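Reader: Please pick one part of this structure and take me through it slowly. I am in my first year, so spell out the terms.

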Amino acid sequence: MTRRSTLVRGSARLSDPNTVAVEVGTPRGAFTVTTTADATLASPTASAVPLLVPVAMRHGRSLHLDGEIDDTQAEGLEHVQSTLTSWYSHLGRAVVHAPVFEVPVDRSAGVGCFFSGGVDSFHSALTRSERITHLIFVVGFDLAPEHPLVKTALTEVRRAAESLGKTLVVVHTDVRAMSDRHGMSWGPLYHGAAMAHVAIALSDHVGTVLVPSSFVRGQTPPWGTHPDLDHRWATATSVLEHDAIEVPRPAKIARIAQYPTAMEHLRVCWQNRDGAYNCGRCEKCLRTMLALRAVGGQCRTLPERIDPAAVAALKLTSGQARAMRRNIAAMTASGTGTPELLAAMERAVDRSDRYWSRVFRTHAWVTARLPF
Ligand SMILES: [Zn+2]
C-alpha cells in the first residue's frame, strides 16, 4: 500500500523586477501563481510563504521551501497556524522546512494601504492619511483580471489616489483563480494570505501595510483578514496592521460622506448588475445608499434615487437585517426617510425576521427528534 504524500513544495523567484512567480507542488498537482506590479517587487520567497502555508495546511502536513525565511516570519507562522487550526477543522498544522535566518528589523518608512475604493478602504485612506504614502489596488482579488469593469475601477482609484496625494501601486495577480481551483475558500481563509503576499512583495516601498477591517470588534467571525491574523504574517521587512476594527460600518460611512474624494469615486458593488460600477439595486449598494441618505451624503457613483420596491424585495441575512434596522433608526432620527421608503425597509426586515424564525423553529423541531 502506498502512503499518501503529504508534502507541499514551494519555490519563488523574481522572473523580472516587477514579477514574482510562485511554483507550488501539492499532492494534487502543481500550479503557479504570478503577481506583477507597476512597482519593483522584492523578497519572493518571503512573499510566497503566506500563499504556501494554508495550502500545506489544507493538502499536506509538510511544507518544503526552496529558500530561507527570517525569524520574524518563522515565529509568526506558529501563531497563524494556531489561529487557523482553531477556526477550521479541515486544516492541520504543517511543519515548515526552511532555513531560518536572523535579521535585524529594517523596514521601509513607506506606509501602504490596500485600497479597493470601498467604504473600508476609503475610511482607512482618509483617516490615516498622515501616515499613508501608498495606496495598493489589486486586480485579481474582487475583480478578476478579465472583468469588464477593471478599466473603470482603475480610472476611479487613480483619480482618488491623485486627489488624496498618494502614490498608487497597481498589482495584477492570478492568485484567486488558483485559490478557487484548489478549494482554498477565498473570503474565510485565503484573501488575507493573498494580501500578505502582496504586502511582502512590495516591502521595498512600504514597510507597513494597513488592511482595512471588514468587521467591527466583538463581531469578527473567522475570516481571511482578522485582527488576530494579519499582523502575524509579518517579516523583518514587512508589517501588516488590521485597521479600524473599532469603527462600525455606519460610522465609517458617516465619516467618508464628509470627503468629496470618497463621494466622487466610491465602489461598493460586487454584483455589478448590467455591468454597472455600482448597480444601485443589490443589498450592499442599497445598504450603503440608505446609510449615506441618513447622514446627507451624496455620492456620484451611486444612483440618487433609492427604489422602495427594490428595498422591500431584499432577502436579508440576520446581519443584513440588523444593518437595515440601524438604517431605519438613523433615517427616522435624521428625518431623511420618506414614509414610503421607511415602510419598504420595515417590510424587508419583517420578511427576514419571519424567514429566520421559521428556519430556527424547523431546526429545533428536527433536532428534538434526532435519535442521538
Ligand atoms: Zn450593487
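Author: What follows is a close look at the sheet and a helix that lies across part of it. The model is predicted, so local features need pLDDT of at least 70 and side-chain atom pairs count only at pLDDT 80 or more, while totals for chains, interfaces and linings use all residues. Residues are numbered from 1 along each chain as its sequence is written, and side-chain values use heavy atoms, without hydrogens and water.

The sheet is open and has 10 strands, in the order E6-E4-E1-E2-E3-E10-E9-E8-E11-E12. Its pairing is mixed. Strands (E, at least two residues) and helices (H or I, at least four) are DSSP runs numbered from the N terminus, and two strands pair if DSSP finds at least two bridges between them.

At the edges stand strand E6 (95–97) and strand E12 (239–243). Each has a single partner strand, so one side of each has no neighbour in the sheet. On average, neighbouring strands are turned by 25 degrees against each other, direction ignored. Axes here are lines fitted to C-alpha atoms, for helices over the stretch in contact, and angles run from 0 to 180 degrees between N-to-C directions.

One of the pairings joins strand E8 (residues 111–114) to strand E11 (residues 208–212). The two run in the parallel sense, over three bridges. Valine 111 has threonine 208 of E11 as its bridge partner.

Helix H4 (residues 150–164) lies across strand E9 (134–139) and strand E10 (167–173), where contact means heavy atoms within 4.5 Å. Helix H4 runs at about 175 degrees to E9.
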